Amino acid sequence: MKEIVVISGKGGTGKTSISSSFAYLEPNAIVADCDVDAANMHLLLDADFEYQEDFFSGEVAVIDEDKCTSCGKCYDVCRFDAISKEDGFYKVNPIDCEGCWYCYRVCKDEAITMQTQKAGDLYISNIKNGSKMAHAKLGFGAENSGKLVAHVKKHAKSIAKKENKEFIITDGSPGIGCPVISSLSGANLVVLVTEASVSGLHDLERVFKLIKTFKLDSVCIINKYDLNEEMTSKIEQFIENENSKVIAKLPYDETFTKAMSEAKTIIEYNKDSDIAKAIIDSWREIKNHLADTKR
Ligand code: SF4
Ligand code: SF4
């Protein structure tokens, strides 16, 4: 089983449109939507949310008003300003609480308990090409999206094993933070999607530092290459210097937004279009690359 992780250094590069198209093209793959802060792959793949489970992560302090004697010690020690006094009672704001347990330890009246928080939902869905996907929604204000990503990947891997699938196609989150690092764990190949702009190159440089740290193999797709061909050349040179490979240069094409607005993948929207053909070729290239490198 091979895991292909599609990432980009920034949002708006067309990463999810491309990874959804790969997913649609490959029924022999389980899909993992690890962009848990802004998950939307389920819309393009018509996920049915067949299975749901709560995701718990982190703890927050809760004050029992019946036991609290309003001594104020917890308020004094909280370095995160998570405790306030309202109408004579001390209260914890769960959004600000970092779960450090300091208040719990100083409360002599045992009025504080530390409670595990629901941080999001994990789903397993059937998708429109007959395969399955693991996906999630992070709760409002919830942290630990890296842990939720790991949870999504674990489920995707277990379904892929059970159903004897050849691939896992993972849509990672943009940026270089904790959720992306979690998305990259166990990847056989990273597909970097960038666009021909100054910020595209800058973010690509940052992402390459990350994948080099983890010694991961990569290929690249340059989207909207024709909007700035001089920048495209610089990006190609950079990718070559990093011993990676450009597998596709996609022109600016309104099909990306039109397909998205109709909740379709680019392949479904118009499989005979040049952009759909280029994405089909890219997926073939990815499979060939994995076969050649035997990673
Ligand atoms: S330390 Fe305990 S008793 Fe004192 S204000 Fe806080 S919760 Fe109430
Ligand atoms: S657990 Fe830590 S952050 Fe949360 S209220 Fe108590 S002292 Fe403040």
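This report describes the fold, cores, ligand shells and selected residues of a predicted model.

## Overall build

The protein contains eleven helices and eleven strands. Its C-alpha trace spans about 70 × 40 × 35 Å along the principal axes. Of its 295 residues, 45% are buried. Contacts over long stretches of sequence are frequent: among contacts with a separation of 6 or more, 75% join residues 24 or more positions apart.

## Cores

Nonpolar side chains tend to be buried together in soluble globular proteins. Here the largest nonpolar core has 70 residues. Val31, Leu45, Val152, Val190 and Val191 have the most contacts inside that core. Valine 31 shows how one such residue is surrounded. Beyond residues up to four places away in sequence, valine 31 touches Ala23, Met41, Leu45, Ile127, Ser131, Met133 and Ile169. Another core, of twelve residues, lies apart from the largest one. Its members include Cys74, Ala82, Cys107 and Ala111.

## Ligand shells

Ligand 1 has 14 residues around it. Cys68, Cys71, Cys74, Cys107 and Ala111 come nearest. Cys74, Cys107 and Ala111 are thus named both here and in the twelve-residue core. By class, the shell of ligand 1 has nine nonpolar, three polar and two charged residues.

Ligand 2 is also surrounded by 14 residues. The closest are Ala61, Cys78, Cys97, Cys100 and Cys103. The shell of ligand 2 divides into twelve nonpolar, one polar and one charged.

## Helix packing

Two packed helices are described by the angle between their axes and the distance between the axes. Two helix pairs are treated here.

Helix H1 covers residues 15–25, and helix H11 covers residues 274–293. Their axes lie 10 Å apart, at an angle of about 70°. H1 and H11 are therefore roughly perpendicular to each other. On the H1 side, Ile18, Ser21, Phe22 and Leu25 make the contact. On the H11 side, the partners are Ile279, Ile280 and Trp283. Residues three or four places apart in an α-helix point the same way, because there are 3.6 residues a turn. This contact has six nonpolar residues, one polar and no charged ones. H1 is mostly covered, with eleven of its eleven residues buried. Those buried residues include Lys15 and Thr16, as well as the contact residues Ile18, Ser21, Phe22 and Leu25.

Helix H7 (residues 198–213) and helix H8 (residues 229–241) have axes that come within 10 Å. The crossing angle is roughly 10°, which means that H7 is roughly parallel to H8. Val198, Gly200, Leu201 and Leu204 of H7 meet Met231, Lys234, Ile235 and Phe238 of H8. By class, the contact of H7 with H8 has six nonpolar residues, one polar and one charged.

## Selected residues

Which kind of burial does each residue below show, and how many C-beta neighbours lie within 10 Å?

| Residue | Burial | Other C-beta atoms within 10 Å |
|---|---|---|
| Tyrosine 102 | partly exposed | 18 |
| Alanine 276 | buried | 21 |
| Glutamate 110 | exposed | 10 |
| Alanine 263 | partly exposed | 14 |

Tyrosine 102 is found in helix H4, which covers residues 102–106. Leaving aside neighbours within four places in sequence, tyrosine 102 contacts Val77 and Cys78. Valine 77 is 25 residues away along the chain, yet the C-alpha atoms of the pair are separated by 6.9 Å. Cys78 is also one of the residues closest to ligand 2.

Alanine 276 sits in helix H11. With 21 C-beta neighbours inside 10 Å, alanine 276 counts as buried, because the cut-off is 20 or more. Its contacts beyond four places in sequence are Ile266, Ile267, Asn270 and Lys271. Lysine 128 is 148 residues from alanine 276 in sequence, and the two C-alpha atoms are 18 Å apart.

Two residues stand out by backbone angle. Most residues other than glycine have a negative phi. Glutamate 110 has a positive phi, near 50°. Glutamate 110 lies in the loop between H4 and strand E6 (112–126). Alanine 263 also has a positive phi, of about 55°, although alanine 263 is not a glycine. The place of alanine 263 is the loop between helix H9 (255–261) and helix H10 (266–269).

Note on methods
Residues numbered from 1 in each chain as written. Chains lettered and ligands numbered in written order. Predicted model: local features only at pLDDT ≥ 70, side-chain atom pairs only at ≥ 80, totals over all residues. Axes fitted to C-alpha atoms, helices over the stretch in contact; angles between N-to-C directions. Helix = DSSP H or I, 4+ residues; strand = E, 2+ residues; numbered from the N terminus. Parallel < 35°, antiparallel > 145°, perpendicular 65-115°, else oblique. Contact = placed C-beta atoms within 7 Å. Nonpolar A, V, L, I, M, F, W, Y, C, P; charged D, E, K, R; others polar. Near = placed C-beta within 6 Å. Core = buried A, V, L, I, M, F, W, Y, C linked by C-beta atoms within 7 Å.
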